[in-house]
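Here is a walk through some side-chain details worth having on screen while you look around. Open the structure and follow along, one neighbourhood at a time.

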Amino acid sequence: MTLTIRKAEERDAALVFSFIRDLAEYERLAHEVDATEADVAQALFGPNPRVFADIAEWDGKPAGFALWFYNFSTFRGRHGIYLEDLFVRPEFRSRGVGKALLKHLARRCVAEGLARLEWWVLDWNEPALRFYRSIGAAPMDEWTVQRVTGEALVQLAEA
């Protein structure tokens, strides 16, 4: 059995979108997905991409993905990577696919001199929380996520 990780290519737009839908189902958030395959293709493979994806394949079969972008730490004075989505299909779990994707991103951080790799996880997702602790991730409990979206975003923009 072989695991490979490769950069997503334009031909992977439908695959990446299917991973996004699968993740949304797992997270019980499918009702929030209003992106289309075309949106994902444009974001990842358009003329000025600001988001990137890596595909994990197990014996040539799509097993999982990581979708990420660069962020910046003013305190550290350096960029980092923010992992937006990490998903491994159920039939490929417990084979090291998720860890390999994270390791791949960690290596990118080290090679590029980036300050950190970070992501969010739903507080009810105990399997993920246990896994992340096992690789040395530390919760940032003192921070509360804030978001402005939809009508509130429009109102703020017009204020």
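## Around Arg 89

Arg 89 sits in the loop between β4 and α3 (97–112). Keep in mind as you look that this is a predicted model. Is Arg 89 buried or exposed? Its relative accessible area is 18%, which falls under the 20% cut-off, so Arg 89 counts as buried.

What does Arg 89 touch, once neighbours within four places in sequence are set aside? The contacts are Leu 15, Ser 18, Phe 19, Asp 22, Pro 62 and Ala 63. With one of these, Asp 22, the side chain of Arg 89 forms a salt bridge, at 3.8 Å from N to O. That pair ties together distant parts of the chain: Asp 22 belongs to helix α1 (residues 13–26), Arg 89 to the loop between β4 and α3, and their positions lie 67 residues apart in the count. Asp 22 itself is partly exposed, at 30% relative accessibility.

## More salt bridges

How many salt bridges are there by this rule? The count is seven. Asp 12 takes part in at least a couple of them, as the next two pairs show. With Arg 6, the side chain of Asp 12 meets at 2.6 Å, N to O. With Arg 11, the N to O distance is 3.8 Å.

The surroundings of these residues are worth a look too. Asp 12 is buried, with a relative accessible area of 3%, and Arg 6 also counts as buried, at 17%. Arg 11, on the other hand, is exposed, with 59%. Through shared partners, salt bridges join Arg 6, Glu 9, Arg 11, Asp 12 and Glu 57 into one network.

## Trp 124 and its neighbours

Now go to Trp 124, in the loop between β5 and α4. This residue is partly exposed, with a relative accessible area of 32%. Which residues are in contact with Trp 124, leaving aside those within four places in sequence? They are Tyr 26, Glu 27 and Arg 28. Glu 27 is 97 residues away from Trp 124 along the chain, yet their C-alpha atoms are separated by 9.5 Å.

Arg 28 deserves its own zoom. This arginine lies over the face of Trp 124, at 4.0 Å from the ring centre. Tyr 26 has a charge over its ring as well: the charged end of Arg 93 sits there, 5.0 Å from the centre.

## Aromatic pairs

If you like rings, there are 10 aromatic pairs in the structure. Take Tyr 82 and Trp 120: their ring centres are 6.1 Å apart and their planes are at 80°, so the pair is edge-to-face. The two come from distant parts of the chain, with Tyr 82 in strand β4 (residues 78–88) and Trp 120 in the loop between β5 (117–119) and α4, 38 residues apart. Tyr 82 is buried, with a relative accessible area of 10%.

Elsewhere, ring pairs link Phe 19, Phe 65 and Phe 87 into a cluster. Phe 19 should ring a bell: it is also among the contacts of Arg 89.

## Backbone angles to check

Most residues other than glycine have a negative phi. Arg 28 has a positive one, near 60°. Its place is the loop between α1 and α2 (37–45), and Arg 28 is exposed, with a relative accessible area of 59%.

Asp 59 is also not a glycine, and its phi is positive at about 50°. Look for Asp 59 in the loop between β2 (52–58) and β3 (61–73). Asp 59 is partly exposed, with a relative accessible area of 35%.

## A nonpolar patch

Last stop, the surface. Which residues make the nonpolar patch of about 280 Å²? Val 148, Leu 153 and Leu 156 do. Val 148 is found in the loop between α4 (126–134) and α5 (150–158). At 44% relative accessibility, Val 148 counts as partly exposed.

How values were computed
Residues are numbered from 1 along each chain as its sequence is written. This is a predicted model: local features need pLDDT of at least 70, side-chain atom pairs count only at pLDDT 80 or more; totals for chains, interfaces and linings use all residues. Side-chain values use heavy atoms; hydrogens and water are left out. Patches are made of residues with over 30% relative accessible area and no salt bridge: like charges are joined within 9 Å, nonpolar side chains (Val, Leu, Ile, Met, Phe, Trp, Tyr) within 5 Å. Accessible areas come from the Shrake-Rupley method with a 1.4 Å probe; for residues, only the protein chains shown count as cover. A salt bridge is a side-chain nitrogen of Lys or Arg within 4 Å of a carboxyl oxygen of Asp or Glu. Helices (H or I, at least four residues) and strands (E, at least two) are DSSP runs, numbered from the N terminus. Buried means under 20% relative accessible area, exposed over 50%, partly exposed in between (1.4 Å probe, protein chains only). Rings of Phe, Tyr and Trp (its six-membered ring) pair if their centres lie within 6.5 Å; planes under 30 degrees apart count as stacked, over 60 as edge-to-face and the rest as tilted. A charge sits over a ring if NZ of Lys or CZ of Arg is within 6 Å of the ring centre and within 35 degrees of the ring normal. Contact means heavy atoms within 4.5 Å.
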